[in-house]
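Trainee: I have a model open and I'd like to learn how to read strands, sheets, cavities and pockets in it. Can you walk me through a few?

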Amino acid sequence: MVFSIEIRGVVQGVGFRPFIYSLASSMGLNGEVANNGYGVLILLDTTKEKADEFIRKITQNKPPLSEIDSIKITQIAKTESFDSFSIKKSKSTKLLSSKISSDIAMCAECESELKDKTNRRFEYPFITCTNCGPRYSIIKNLPYDRKNSSMDEFLMCQECQNEYENPKERRYHAQTIGCHKCGPTLSLYENSGKKIESKNIIDEVVKVISEGKILAIKGIGGYHLVCDATNDEAVQLLRERKRRPSKPFGVMAKDINVAKEIAYISEKEEALLNSNRRPIVLLQKRDENSISPHVAPNINQIGLFFAYTPLHHLILQRLNRLIIATSANISDEPLCKNYEEIMRLSLVWDYCLEHNREILNSCDDSVAFVENEKIFMLRNARGYAPTYLRLPHKTDKKILALGANQKSTVAITIEDSVVLSPYIGDLGSLSAIEHYKSKIETLKRIYDFTPDIVVCDKHPNYESTKYAKELKAQNEEIELVQVQHHYAHILATMGVNGITSKVLGVSFDGTGYGDDGNLWGGEFFICDNSTSERVGQFKYFRLIGGERAIKEPRRVALSFLFEIYGDEVFKLGNATVNSFSNSEIKTLLAAWKSELNSPLSSSCGRLFDAVASILGVVQICSYEGESGLLLESFYDENIAGRYEFGIEDGKIDFSQIFRQILAEKNHSVAVSKFFNTIVEIIYFMYKKYNLPLVLGGGVFQNRVLLRLIMRKIPDAILPEMFVGNDSAIAYGQAIAALNFKTL
């Protein structure tokens, strides 16, 4: 009997075919295995009992990087005889649903070889095997074979070819195989473009960093800007050149021992740092540490990660100190992925460490944190993306979800799955918009995908919304669906938790376009996968100056002060008022009274801004979420009090709370009571509606708020192992589009 065994999931580029070959050979089975568009196809000439045993052993012993979604076995007509078991060339198919593995950190075996002077790959900067290395960043098309990747241009030497064809080797059919003779190579350049000739480029790089220079390093999914994290002058110079005055930098460490010298690290955090995904992990800083205070100014957290490529390992082993490794871009611009793009940043760096393996799909570093033993993502990218998520049910609709405008991601649907792109970024420039469109084209190309439904946000000025309408104009047959921003947040959290029933959704973020045309961001919904009803909100307040108020917390605070005190504001001597001149306050008061360029908002994120301004913590932000991050440092676990609040017709009036904050003498008391009050408001609504509580939106990435909610409402449903910010919107949109007729 011949059995066709179809396996779907992450089964390409992870050593799955060699595993199947070895398993079949060890069991004395004949047949073949090949990649195709949906995963792996096995033909097995054996008995039903042996086939069942074979499948059982697959599930029990699958390769470490693989993920099996389904195994389908079918008996087929015997058209040929097999006298052995073999790996065949990939089979083409019209259906493309195979899951691409994300880029994976160097494994322990490769690290051991990297350090072994007797190994032919000793100190080879691109050492890799079936268990590690680049995947998504180098793929052109499915199936995942060398010819469909940027490794195609590197002709294997005889030694590599022998390993590639030897079933007993770890690199059997490893598409990224290479060595000093035949693989990618390094080059070092000055910012003038002059190539530096050196017998040992790594030593040259270490010397450059030690001298306080700024280096651009090409990695797996893009370039890093690197400098000595212990050198004040170097860190300040990088801030100046990158135009990044205070946003924290990520720090790369050699190992856990070095990391523990600068941060407190729990067992869960250590496991996350050491995982093969190697995200940046937000950790609590030690008061006494060796890094420059300019790395993460004014906050008690540090973003830290370990070397994940052999190249980074080689540099850190020699350098033996911490380095800043931050994305090579200017604010609002895409991550650089080739030499031409990095040369446009040549005024930022002094030297560039380049290599000749093309990055086809750029992918930034992932960022995560641990609270209450749960992992949450701030940025879902390298090591985790593309991300494969479930739909509530199977669909034959081809849905393209275009996400939001900040922290953008895009998604496509295939049967009962959603393929979510890695983090793309903010759509704040022409190059960022082009980069965004290229990510859409990448998904369409890899999966041979043509949408019949395009779903986007309701904000008319989002670039993603404009692009959706552009696609509709190009093809009238495309169905265009628009989904309210905060509802999409809740649907995304419901989706990752497999919930379809009616819930109380709490969506708190910085801003989003509401159904009434106002800027929402502090919303309570009763909703399920097809309907939503807004049952609560923070009472509207005005954002004086519109977009400008988002970057200036003092304008939000001033709006509340106008509401509470009116013309008496001039007599106040608090930090907010003192940050303006009298003439500025007069102008802004006139704008507030006349409602000139002062849109209404219910944003919870802006409430954090107002508190930070009134307490004199920050008046003008240099990066999104700065006020909330700074307030975290003032929270005192020993302060259990909260402020009195009222809810009338579902509206929570924060003016009443601000009166109490203004009377507070101690900043730590004020901040602690503010956090406690937000939690109590959520708890009040939760008890009122007695439904499962689902949280979504970027505000819930505030670690203090998240910790307090998990403590107060242990069964709160959270986006665990997923993003809560606008990177989740595309997934929520895809779920909503399944029921677009009811939207």
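Mentor: Sure. Keep in mind that this is a predicted model. Let's begin with one pair of residues: in S15, the bridge partner of Ile217 is Leu353.

Trainee: Which strands does that bridge belong to, and do S8 and S15 run parallel or antiparallel?

Mentor: The general idea is that strands of a sheet pair through backbone hydrogen bonds, either parallel or antiparallel. Here S8 and strand S15 (residues 351–355) run parallel, joined by 3 bridges. On the S9 side, Ile217 stands opposite His224. That pairing, between S8 and strand S9 (residues 223–228), is antiparallel and has 4 bridges. S8 and S9 form a hairpin, with 4 residues between them.

Trainee: And how do I read the two faces of strand S8?

Mentor: In a regular strand the side chains alternate between the two faces of the sheet. For strand S8 (residues 215–218), Leu215 and Ile217 are on one side, Ala216 and Lys218 on the other. Both faces are covered, with these four residues all buried.

Trainee: What does S21 look like when I read its faces that way?

Mentor: Strand S21 (residues 417–420) sends Ser417 and Val419 one way and Val418 and Leu420 the other way, and all are buried.

Trainee: Which strands pair with S21?

Mentor: Take S18 to begin with. Strand S18 (residues 387–390) runs antiparallel to S21, with 4 bridges between them, and Thr387 has Leu420 as its bridge partner in S21. Strand S20 (residues 411–414) also pairs with S21 in the antiparallel sense, again over 4 bridges. There, Ile414 is partnered by Ser417.

Trainee: How many residues lie between the strands in the hairpin of S20 and S21?

Mentor: There are 2 residues between the strands, and Glu415 in this hairpin takes a positive phi near 60°.

Trainee: Okay, let's zoom out. What is the strand order of the open sheet that contains S21?

Mentor: Read across the sheet rather than along the chain. The order is S18-S21-S20-S19-S22-S23, an open sheet of 6 strands with mixed pairing. Its edge strands are S18 and strand S23 (479–483), each pairing on one side only. From one strand to the next, the twist averages 25°. Helix H23 (residues 729–737) packs on this sheet, touching S18, S19, S20, S21, strand S22 (453–457) and S23. The direction of H23 makes about 130° with that of S22.

Trainee: How many bridges join S19 to S20?

Mentor: Strand S19 (residues 399–401) and S20 are joined by 2 bridges and run antiparallel. In that pairing, Leu400 has Ile412 as its bridge partner in S20.

Trainee: Now the empty space. How many cavities of 30 Å³ or more does the count give?

Mentor: A cavity is closed off, in that a probe fits inside but cannot get out. The count comes to 7 cavities of 30 Å³ or more. The largest has a volume of about 130 Å³. It is lined by 19 residues, and the closest to its centre are Pro125, Ile220, Thr309, Pro310 and Arg357. By class, that lining has 12 nonpolar, 5 polar and 2 charged residues.

Trainee: What about the second largest cavity?

Mentor: That one holds about 110 Å³. Its lining has 17 residues, with Gly13, Val14, Gly15, His173 and Gln175 closest to the centre. Helix H1 (residues 16–26) gives the most to this lining, with 3 residues. The lining divides into 7 nonpolar, 8 polar and 2 charged.

Trainee: And which residues lie nearest the centre of the second largest pocket?

Mentor: A pocket, unlike a cavity, is an open set. For the second largest pocket, Glu67, Arg277, Tyr384, Thr387 and Tyr388 lie nearest the centre, out of 27 lining residues. Its volume is about 550 Å³. S18 turns up again here, giving the largest share of the lining, 4 residues. By class the pocket lining has 13 nonpolar, 8 polar and 6 charged residues.

Trainee: Last one: why does Ser4 count as buried?

Mentor: Buried means under 20% relative accessible area, and Ser4 counts as buried because its relative accessibility is 16%. Ser4 lies in strand S1 (residues 2–10). Leaving aside neighbours within four places in sequence, Ser4 has contacts that include Leu41, Ile42, Leu43 and Lys72.

Conventions:
Residues numbered from 1 in each chain as written. Predicted model: local features only at pLDDT ≥ 70, side-chain atom pairs only at ≥ 80, totals over all residues. Heavy atoms only, no water. Buried < 20%, exposed > 50% of the residue type's maximum accessible area, 1.4 Å probe, protein only. Pairing = 2+ DSSP bridges. 1 Å grid on protein atoms, 1.4 Å probe; cavity = no way out; pocket = protein on both sides within 12 Å on 5 of 7 lines; lining within 4 Å. Points joined across faces, edges and corners; volume = space filled by probe spheres on them. Nonpolar A, V, L, I, M, F, W, Y, C, P; charged D, E, K, R; others polar. Axes fitted to C-alpha atoms, helices over the stretch in contact; angles between N-to-C directions. Contact = heavy atoms within 4.5 Å.
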